[in-house]
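Q: Please take a close look at one part of this model. Start with what packs against it, then work through its build and its surroundings.

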Amino acid sequence: MIRYVLFDFDGTLVDSKDAVVIAFNRIAEKYHFKTIKPEELDYINSLSMLDRFLYLKVPLYRLPFLRKEMLAIYQEQIMDVPLIPGMAALLDTLRTSGLKVGILSSNDPVIIKGIMELNGIAPPDDIYCSGKLFGKDRVFRKFLREQKLHSDEVLYICDEQRDITACDKAGIKPVWVSWGFEGAGVIQGDAALSMAHTPDELLAVIQQRC
């Protein structure tokens, strides 16, 4: 039985695409990468994260060094980062039902808390953050140890293939939402992979697992 619902943050709980594009384009201009044009967004969302960086001419070895700078620019945009419509009510429903709710993200805890406060949302029970774009499976294992949970007691709500891959490594069941950063063509999972296209569908999926 599910006891804990973990959420990815960017693209899953909040619509941060504009903030991410602004931050990336400022970095791109500084380091001479390819900038993102509005008319390219649909195409870029159809690519995996690695293919996105290749398309945008970002050397993969530089990613760890760019993260801090990207987050600093992102933080300047937090006033303009809204929750996905319907997600506030979903979080309230989960908490009322007795489930614990947390966030596991590649973003920064200060940014996450700031955006939630600006949107009038109570902070989650726990916030876990990975300092790397890849490797969330290690953070999942830390979360399971600290919370004294078995992997089959947790659902992770996410929007990217890297999240699903990390879930598979940690034995946690993912639920993919279609309104985030990666389109359905990127997502690879077994036939049992749960998907949701609206917050109402997501709530139904979670309730079926509880």
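**The sheet and its surroundings**

A: Helix α9 (residues 199–209) lies across β1, β4, β5 and β6, and runs at about 150° to β6. Helices (H or I, at least four residues) and strands (E, at least two) are DSSP runs, numbered from the N terminus. Axes are lines fitted to C-alpha atoms, for helices over the stretch in contact; angles run from 0 to 180 degrees between N-to-C directions. Contact means heavy atoms within 4.5 Å.

This is a predicted model: local features need pLDDT of at least 70, side-chain atom pairs count only at pLDDT 80 or more, and totals for chains, interfaces and linings use all residues. Residues are numbered from 1 along each chain as its sequence is written, and side-chain values use heavy atoms, with hydrogens and water left out.

A second helix also covers part of the sheet. Helix α8 (residues 161–170) lies across β4 (154–158) and β5, at about 165° to β4.

Now the sheet itself. It is open, has six strands and follows the order β3-β2-β1-β4-β5-β6, with parallel pairing. Its edge strands are β3 and β6 (194–196), each of which pairs on one side only. On average, neighbouring strands are turned by 25° against each other, direction ignored. Two strands count as paired if DSSP finds at least two bridges between them.

Take the bridges from one edge. Four of them join β2 to strand β3 (residues 126–129), and the two strands run parallel. Gly 102 has its bridge partner in β3, namely Asp 126. On the way from β2 to β3 the chain forms a helix: β2, helix α6 (residues 109–118) and β3 make a right-handed β-α-β unit. Right-handed means that, with the strands pointing away from the viewer, the path from the first strand over the helix to the second runs clockwise.

Next comes β1. Strand β1 (residues 4–7) is joined to β2 by four bridges, again in parallel. Tyr 4 is bridged to Lys 100 of β2. Strand β2 (residues 100–105) is mostly covered, with five of its six residues buried. Buried means under 20% relative accessible area, exposed over 50%, and partly exposed in between (1.4 Å probe, protein chains only).

At the other edge, three bridges join strand β5 (residues 173–177) to β6, and this pairing is parallel. Val 175 has Ser 194 of β6 as its bridge partner.

In a regular strand the side chains alternate between the two faces of the sheet. What do the cores look like here? The largest nonpolar core has 35 residues. Those with the most contacts inside it are Phe 7, Phe 9, Tyr 74, Leu 94, Ile 157 and Leu 202. At least two residues come from each of β1, α4 (63–75), α5 (87–96), β2, α6, β4, β5 and α9. Another core, of 20 residues, lies apart from it and includes Leu 104, Phe 143, Val 154 and Cys 167. A nonpolar core is a set of buried Ala, Val, Leu, Ile, Met, Phe, Trp, Tyr and Cys residues joined through side-chain atoms within 4.5 Å.

Ile 157 shows how the parts meet. Leaving aside neighbours within four places in sequence, Ile 157 is in contact with Val 5, Leu 6, Phe 7, Asp 8, Thr 12, Val 175, Val 177, Leu 202 and Ile 206.

Aromatic rings also tie the sheet to a helix. The whole structure holds five aromatic pairs. Tyr 4 and Phe 143 form one that is edge-to-face, at 4.9 Å centre to centre and with 80° between the planes. The two rings sit 139 residues apart, Tyr 4 in strand β1 and Phe 143 in helix α7 (residues 136–147). Tyr 4 is buried at 1% relative accessibility, and Phe 143 is buried at 0%. A further edge-to-face pair joins Phe 140 and Tyr 156, at 4.8 Å centre to centre and 80° between the planes. Here helix α7 supplies Phe 140 and strand β4 supplies Tyr 156, 16 residues apart. Phe 140 and Tyr 156 are both buried. Ring pairs also link Tyr 4, Tyr 128 and Phe 143 into a cluster. Rings of Phe, Tyr and Trp (its six-membered ring) pair if their centres lie within 6.5 Å; planes under 30 degrees apart count as stacked, over 60 as edge-to-face and the rest as tilted.
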